[in-house]
Amino acid sequence: MTSIRLSDLARVLGVALHSADAAITGLVIDSRAVTTGDLFVAIRGDRVDGNDFIKEALARGAAAVVSSQTLSHSIPHLTVTDSGAACAAFGRLARESFGGVVAGITGSAGKTTAKAFLAAICASTDRTVATEGNQNNELGVPLTLAKLLSAPKFGVVEMGAAQVGDIAHLKSMALPQIVVLLNALEAHVGRFGSLENIVATKGEILDGLSPSSVAVLNADQSNFALWSARAQPARIISFGWTTAADVRVVSERSNGFAGSLVELDLNGSSVSVRLCVPGKAGVTNALAAAAAAIGLGIGVDKIVEGLESVKPVAGRGNSVTLRDGVTLIDDSYNASPSSVIAALDVLSHSKTPRTAVLADMLELGDEAVSYHQQVGRYISKLGIERVIAVGELSRHIGDHCLPQSIHFQDADALLGACPTFSKNETVLVKGSRGMRLDRFVDAVTSALGETTC
């Protein structure tokens with residue numbers, strides 16, 4: 001276990017060290033997660049002020065505290081004006097002390113799944129730390145980097161973006177030797193202003209690479225050539241469904257939401273893989289992870305072992321079997337036009353009858369209505385039996401699809417109506433996180449009861 005001196009953090013931040021120095025072995029911003037030796041950084045948020053929990057953090061074993069408030073001089077601490085910057089500085093120090101390999105992953109969709117695949121592959125080889133949950137922002141990335149103090153061999157860091165420059169900022173902390181760029185899609189286009197801005201922002205992960213770096217790029221994306229040029233002089237490993245990709249799909253047999261059996265060409269090695277993550281998107285994320293693993297020098301057998309061990313993450317396409325044979329697909333964590341269409345494709349190959357519970361796709365800017373109309377028209381081509389639309393924008397899905405459609409103003413109205421499902425029905429639940437369809441998943445699961453299969 002490596003440690004960082006509080007005095008070194010003070011030096012980097014240019015602030016005074018109060019009281020004694022301390023050896024720090026971890027970084028925490030939630031007092032409930034503190035363990036002995038951690039640095040507790042008090043973050044003042046919109047709802048909770050971390051400064052109110054300093055005593056609790058110390059009682060749990062925090063070695064030192066960073067705060068925007070003046071504290072007792074008996075506590076090893078730093079007083080700063082920007083707690084977030086202190087987290088970033090600590091993350092950089094942890095990364096600088098790490099002798100292993102870091103892989104960074106970004107993209108508009110699929111980051112968490114690709115991260116899970118790559119982390120599983122790496123873990124089948126040696127000790128690995130990876131981003132937990134959705135901790136992929138300016139606070140989450142330092143938390144992941146701090147775990148490198150435990151001296152694993154691999155670090156897998158997921159990076160998200162809310163605005164131009166975010167990926168560059170996160171990459172400056174993580175300093176990945178291997179970068180994975182999955183895609184640039186219309187998700188959050190309202191926040192970024194244009195798809196071109198998203199393409200440029202995701203591409204920030206490719207800047208400043210060296211000849212010893214590896215860039216893993218999606219050969220199916222229209223921006224592949226642009227990104228390949230931007231990644232120079234790094235070694236490029238491509239993945240995708242096109243025959244031109246280094247890591248590609250040879251054949252696929254879909255089992256709906258249960259996953260698929262795929263034949264892959266891993267840079268010249270042919271393998272058969274049984275994936276539990278459903279859909280074409282799941283296969284693509286597996287390809288990305290396999291390509292990154294090749295860049296890490298991991299053998300084919302370990303790649304297959306890791307890919308086959310991954311199950312869908314809760315809220316991201318996991319399947320729950322309920323009473324009367326009802327299959328509930330919980331994809332309620334987030335939604336964009338591309339990801340909704342991908343999930344509907346899988347639903348169209350599932351057992352009948354089928355219902356799509358779809359809530360608003362948020363942050364789509366001026367084209368939001370048009371995107372929802374496109375989803376409605378796409379459903380009409382698939383033969384899905386029923387659509388339950390939730391939210392004002394999703395009204396346009398129901399208005400433009402042929403199947404039976406029911407509309408609810410919001411999740412509360414949906415919960416109040418408590419729609420019923422037929423025996424052996426397949427139910428897909430998908431919407432942007434802000435629409436809170438996870439409450440509907442919980443209610444249906446509670447009402448019908450989860451069974452063991």
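The crossing of helix 4 and helix 11 is right-handed, and I should say at once that we are looking at a predicted model. Two packed helices are described by the angle between their axes and the distance between the axes. Here, the axis of helix 4, residues 111–123, comes within 8 Å of the axis of helix 11, residues 300–309, and the two cross at roughly 130 degrees. An angle over 145 degrees would count as roughly antiparallel, and 65 to 115 as roughly perpendicular, so helix 4 is oblique to helix 11.

Which residues make the contact between these helices? Helix 4 contributes F117, A120 and I121. From helix 11 come K302, I303, G306, L307 and S309. By class, the residues of this contact comprise five nonpolar, two polar and one charged.

Let me turn now to the sheet. Four strands form it, in the order 3-4-5-6; the sheet is open, and its pairing is parallel. At the edges are strand 3, residues 26–28, and strand 6, residues 77–79, each of which pairs on one side only. From one strand to the next, the twist averages 20 degrees.

I would draw your attention to strand 6 in particular. Its partner is strand 5, residues 64–67, and these two strands pair in the parallel sense over three bridges. Within strand 6, L78 is the bridge partner of V66.

Finally, which helix lies across these strands? Helix 1, residues 6–13, lies across strand 4, residues 38–41, as well as strand 5 and strand 6. Relative to strand 6, helix 1 runs at about 15 degrees.

Notes: Residues are numbered from 1 along each chain as its sequence is written. This is a predicted model: local features need pLDDT of at least 70, side-chain atom pairs count only at pLDDT 80 or more; totals for chains, interfaces and linings use all residues. Side-chain values use heavy atoms; hydrogens and water are left out. Axes are lines fitted to C-alpha atoms, for helices over the stretch in contact, and angles run from 0 to 180 degrees between N-to-C directions. Angles under 35 degrees count as roughly parallel, over 145 as roughly antiparallel, 65 to 115 as roughly perpendicular and the rest as oblique. A crossing is left-handed if the near helix is turned anticlockwise from the far one by less than a right angle, and right-handed if clockwise. Contact means heavy atoms within 4.5 Å. Ala, Val, Leu, Ile, Met, Phe, Trp, Tyr, Cys and Pro count as nonpolar, Asp, Glu, Lys and Arg as charged, and the others, Gly among them, as polar. Two strands pair if DSSP finds at least two bridges between them.
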